[in-house]
Amino acid sequence: MFVRQVPFVYSSLGVTLKRLLKPRLSPIRKLMNQPSSLNNTKNNAVVAVNSTVAADIDKQLMSNKYGFTLPQLMELAGFSVSQVVYREYPLDNCGNNKVFIIVGSGNNGGDGLVCARHLKLFGYEPIVYYPTYTKSISKQPFYNNLTLQLEEMFEIPIFKAPIDKPSLTKYLAECRCVVDGVFGFSFKPPIRKDSVFFPIMEAMVEYSNANGKGSGNVISIDIPSGWDVDKGPLSLTNDDHAKYVQPKVLISLTVPKLCTHFLDPTFTKHYVGGRFISGPFAESLGFKSFDYKGTDQILELKMK
């Protein structure tokens, strides 16, 4: 097997990180060595993994070898998301500190619930929209524990039933920013029109594109909801290719996913979060751990 050089470039403080993949590859690294897994464009601006590798990373983390649990990973991810909110939209002592958090039925939704708790502790006024609450707590009981904490300890309002689109649009417009915790990397588009999430996605698309790209402050968790994790943005409907969520901020969890190569760096700020893996673990999967500063749980990635 030949030795293949894959530059991983992150311009954090102008530092370019490069490494040489060794000939002896682990099973996951073999997956990452496939063209569909890594960006091998001319500039190699950002390392990213495809959906298969992303799932394998989570599987390894929660294996008997490493012992992470899903609630633990959500706690770590949700705290990272709350740090991004604080970094990008600092508290305004005389203004609007409402944050609208849209929670899906999967793991990204759990991240959003944890984020809401931390934001309340930071001094924000989080509002949670959880349209699949009943279904979600039956699937994962600890989601109910998270909502109980928000309601009983922190008195955070949670909408547990679908909201009509005009009302939802009004809520979005009244908040300082919107945390998009609807879909994660396991989502496979398109969204069915009869889904409870279709009007939510319509409202988020309109909000993020209001008055042209750049009006709505959307912070997406891991991937922008509605995007294909490998292929990037897909139109919500077939009649207009521009109908997709365009976040102001994206926080990739653990490592960026392949769709991040479709972000517009002049518009979307890109962070990585989830500071809980070791350097050797990262290198066993084909990438270097990120150069987080001090006690930060997040790092802004500046593409060259």
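**Figure 1. Residue classes lining the largest pocket.** The lining of the largest pocket divides by class into 18 nonpolar, 11 polar and six charged residues. The model shown here and in the other views is predicted.

**Figure 2. Centre and volume of the largest pocket.** The pocket holds about 720 Å³ of space. Its lining counts 35 residues. Gly 106, Asn 107, Asn 108, Gly 184 and Ser 186 lie nearest the centre. Helix H2 (51–61), H3 and H4 are the elements that give two or more residues to this lining. H3 gives the most, with four residues.

**Figure 3. Helix H6, end to end.** H6 spans residues 141–153, 13 residues in total. From first C-alpha to last, H6 reaches 18 Å. That is close to the 18 Å expected at 1.5 Å a residue. Glu 155 follows H6, and its phi is positive, near 55°.

**Figure 4. The two sides of H6.** Phe 142, Tyr 143, Leu 146, Thr 147 and Leu 150 are the buried residues in this view. Seen down the helix axis, the buried residues of H6 fall within an arc of 155°, so they line one face. The face turned away from that buried side carries Pro 141, Glu 152 and Met 153, which are exposed.

**Figure 5. What covers the buried residues of H6.** Three helices are included in the cover: H3 (70–88), H4 (107–122) and H5 (133–139). Strands S4 (125–129) and S5 (158–159) also belong to the cover. H3 and H4 appear in the pocket view as well, where each gives two or more residues to the lining.

Notes. Residues numbered from 1 in each chain as written. Predicted model: local features only at pLDDT ≥ 70, side-chain atom pairs only at ≥ 80, totals over all residues. Heavy atoms only, no water. Expected span 1.5 Å × (residues − 1). Buried < 20%, exposed > 50% of the residue type's maximum accessible area, 1.4 Å probe, protein only. Arc of directions from axis to C-beta. Contact = heavy atoms within 4.5 Å. 1 Å grid on protein atoms, 1.4 Å probe; cavity = no way out; pocket = protein on both sides within 12 Å on 5 of 7 lines; lining within 4 Å. Points joined across faces, edges and corners; volume = space filled by probe spheres on them. Nonpolar A, V, L, I, M, F, W, Y, C, P; charged D, E, K, R; others polar.
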